[in-house]
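Here's a quick briefing to read alongside the model. Have the viewer open and follow along, topic by topic.

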Amino acid sequence: MLFELNEVSLTRGDRRVLDALSATIPAGATAIVGPSGAGKSTLLRLLNRLADPDAGAISYRGKPLGEYEPLALRRQVSLVPQLPALLEGTVESNLAYAAGLAGKELDAEHCLRLAGLDPAFASRDVAKLSVGEQQRAMLARALSQEPAVLLLDEPTSALDHATRDAIEATLAELRRELEISIVLVSHDPEQARRLGDWVVRLEHGRAIEAGPIEGVAL
Amino acid sequence: MSTSIHLSPGQVAASLALVALAAAISFWQKADLERDIGIATVRSFVQLTAIGYAIKLIFEADTLWLVFALLTVMVVFGALTARSRAKKVPGAFWPLLIALALAGSTTLGLVVALGVFEPTARYLVPVGGMVIGNAMTASAVALNRLGDEMIDSRAKIEATLALGATAQEAAAPFVRRALRSGMIALVDSTKTTGLIFFPGTMVGMLLAGASPTDAVRLQLILLYALLGSVAIAGLVATALAYRNFFTQAQQLREPGAPAPGG
C-alpha cells in the first residue's frame, strides 16, 4: 500500500474536518472525491505532512509518516495546490529552485514537455502566464523534483473545458511515461472515472467508500 | 558663545498657542483629532517632565547602573509598544524585546568602544533613547509588514514548503520585504537630511548655542548610529518573528493558533 490511514481526525477551530477517517491508497492513480467541505484537500495535505492529524495514524509505504523527515518526504511526495502559487521570476527559475531543493539536475525542457508546455516557456515571466499555463508550470515544477508520488488538489478546477481536457491528457501521459503514483482530489466524479483506477469517497470528514473505480458508485 | 539655554515655564506655555491652532484647524476641518491633540499634549508634558527629572537624577548620580536600568525600561516599553503594531505576528513580544536590546547594546557598545562618546550618563541616556526609539519604530514597521505578508502569501509559502523547502527558505522573500520596509524610512530621511528637514539634535545644539560644526558632527554620528541600530533591530526582529508562523515540522501554523512564547 502506498498510504494507509487509520482513524485519522483533525479539528480546525470548532470544526471537525476529518472524523476518524480510515482508508487505503494503493500505488497507481487514486481519486479522492466528495462534496466541498468533505475534507478532501485537508486529507491531501496530511499525506506530505503540510499538516499533521490530531489523532490517528498514517503510514507511507508501510512506515509511519511521522518517522519521515518532513522535507525529504515532501520532495518524494509532491503536492500541487489547487491555485497556482509560483515564485516571482521565470518558469525556469521556479523549476531550478524546486530541482535544487531535491538535489536533482534540472532538465527544464523535459519537465515542461511532460507538463504539456512548450520549452519556450522556460524564459517566460510567471506573472505573465494564464492560469492554465501557471497550473502547468506548477506541475512541471513538481516534476522537476522527480517525485514518486504526485498529490494534485483539484488540478483543473480553475480552468475551462478545453484546458481541463488537455491537463487530463497530460496526466494520463505522465502515468504512461513515468513510474509515478498520483493522488488526485476532484469534486467531479467523471474526472475521477477518467483519471483514477482507485477511488476514495469522503463525506463529512469520513471515508464512506474506497476501492477500485469500477466497484464504487460515484 | 553660551553653551546652555534657559527657558521659563512661561515660554513653554506660550508655545501652547500652536497646539490651540492645531486643535482649531482640526475642529474647523472636522478632522476629529481635537481629543487626540489634547491627549498628546498632556501626555508629552507629563512624560517629558517626568523623564526630565529622572534624567536629572541619573546625571547627578552618574552611575552606570542607573543608566542601564533606564535603558532597560525603555527597551521593555519599546517592545510592548511595537507589539501593539504587530498584532498579526504571533508571539511578537520576545523577538521585539531581543531586537531592541541587541540594537541598543550593540550600537551604544560600538560608539563607546570606538571612542565616539565617553561611557557616562550624559551621553548614554539621550543617545540610548534615540537609538532604542528608532529601533522600536523600525521593528514595529517591519513586523507589521511581516504579518501582512505572511498572511497574504499563505498559499505561496505553503506551495514552497510543499516542494521540501525549509520554513526559512519559504519565508525568505517576505522576511526580506519586511526588513526593507522597516529600514527604508530612516534610510530615506538620512538621504534628505539637511535638505528637507533638520534633525532634532542639530536644531537643539544650534539653539543651545553650540557651533554649527559641532552640531553637524554630532548629528552625523547620531544618524550613522541610528542606521546601524535600525538595521540590527529590523534584522533580529524579523529573523526571530517569522519562525512563530511555523511549526517544528516546517508547517505553516493555522491562523490564530497559539504560538510558542506567547
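How many bridges join strand β3 of chain A to strand β9 of chain A, and which way do the two run? The count is 4 bridges, and the strands, residues 29-33 for β3 and 198-203 for β9, run parallel. Keep in mind that this is a predicted model. We'll start with the sheet around that pair, then move on to the hairpin, the chain contact and chain B.

**The open sheet in chain A**

- β3(A) and β9(A) belong to an open sheet of 6 strands, ordered β6-β7-β8-β3-β9-β10, and the pairing is mixed.
- At the edges sit β6 (77-80) and β10 (206-212) of chain A, each of which pairs on one side only.
- Going from one strand to the next, the twist averages 15°.
- Helix α1 of chain A, residues 40-47, packs on this sheet and touches β3, β6, β7 (149-153), β8 (181-186) and β9 of chain A.
- If you want an orientation for that helix, its direction makes about 155° with that of β8(A).

**A closer look at β3(A)**

- On the β9(A) side, A:Thr30 stands opposite A:Trp198, and A:Val33 has A:Arg201 as its bridge partner.
- β3(A) also pairs with β8(A), in the parallel sense and over 5 bridges.
- In that pairing, A:Ala31 stands opposite A:Leu184 of β8(A).
- Is β3(A) enclosed or open? 5 of its 5 residues are buried, so β3(A) is largely enclosed by the rest of the structure.
- In a regular strand, side chains alternate between the two faces of the sheet.
- For β3(A), A:Ala29, A:Ala31 and A:Val33 are on one side, A:Thr30 and A:Ile32 are on the other, and all are buried, leaving both faces covered.

**The hairpin in chain A**

- β1 (residues 3-12) and β2 (residues 15-25) of chain A pair in the antiparallel sense, with 7 bridges between them.
- One facing pair to click on is A:Val8, which stands opposite A:Leu21 in β2(A).
- The two strands form a hairpin with 2 residues between them.
- In the turn, A:Gly13 has a positive phi of about 65°.

**Where chain A touches chain B**

- Chain A puts 21 residues into the contact, and chain B puts in 15.
- On the chain A side, the elements giving two or more residues are α2 (70-76), β6 and α3 (91-101).
- α2(A) provides the largest share of that side, with 5 residues.
- Sorted by class, the chain A side has 13 nonpolar, 3 polar and 5 charged residues.
- β6(A) turns up twice in this tour: it is an edge strand of the open sheet, and it is among the elements that give two or more residues to the contact with chain B.

**Chain B overall**

- Chain B has 9 helices and 0 strands.
- Its C-alpha atoms fill a box of roughly 70 × 55 × 35 Å along the principal axes.
- Of its 262 residues, 33% count as buried.
- Take the contacts in chain B between residues at least 6 apart in sequence: 74% of them join residues at least 24 apart.
- The domain assignment splits chain B into domain 1 (10-61) and domain 2 (63-245), with C-alpha centres 25 Å apart.
- Domain 1 of chain B gives 5 residues to the contact between the two, and domain 2 of chain B gives 7.
- The domain 1 side of that contact has 5 nonpolar residues, no polar ones and no charged ones.

**Helix packing in chain B**

- Helix α2 (residues 34-61) and helix α3 (residues 64-85) of chain B have axes that come within 8 Å and cross at roughly 150°.
- That makes α2(B) roughly antiparallel to α3(B).
- B:Ala54, B:Ile58 and B:Ala61 in α2(B) meet B:Leu66, B:Val67 and B:Leu70 in α3(B).
- This helix contact has 6 nonpolar residues, with no polar and no charged ones.

**One residue to check: B:Ala231**

- You'll find B:Ala231 in helix α9 of chain B, residues 212-241.
- B:Ala231 has 19 other C-beta atoms within 10 Å, so it is partly exposed; buried status would take 20 or more.
- B:Leu186 is 45 residues from B:Ala231 in sequence, while their C-alpha atoms are 9.8 Å apart in space.

Terms used: Residues are numbered from 1 along each chain as its sequence is written. Chains are lettered from A and ligands numbered from 1 in the order in which they are written. This is a predicted model: local features need pLDDT of at least 70, side-chain atom pairs count only at pLDDT 80 or more; totals for chains, interfaces and linings use all residues. Domain bounds come from an automatic or database domain assignment. Ala, Val, Leu, Ile, Met, Phe, Trp, Tyr, Cys and Pro count as nonpolar, Asp, Glu, Lys and Arg as charged, and the others, Gly among them, as polar. Two strands pair if DSSP finds at least two bridges between them. Axes are lines fitted to C-alpha atoms, for helices over the stretch in contact, and angles run from 0 to 180 degrees between N-to-C directions. A residue is buried if 20 or more other C-beta atoms lie within 10 Å of its own, exposed if 12 or fewer, and partly exposed in between; C-beta atoms are placed from the backbone. Angles under 35 degrees count as roughly parallel, over 145 as roughly antiparallel, 65 to 115 as roughly perpendicular and the rest as oblique.
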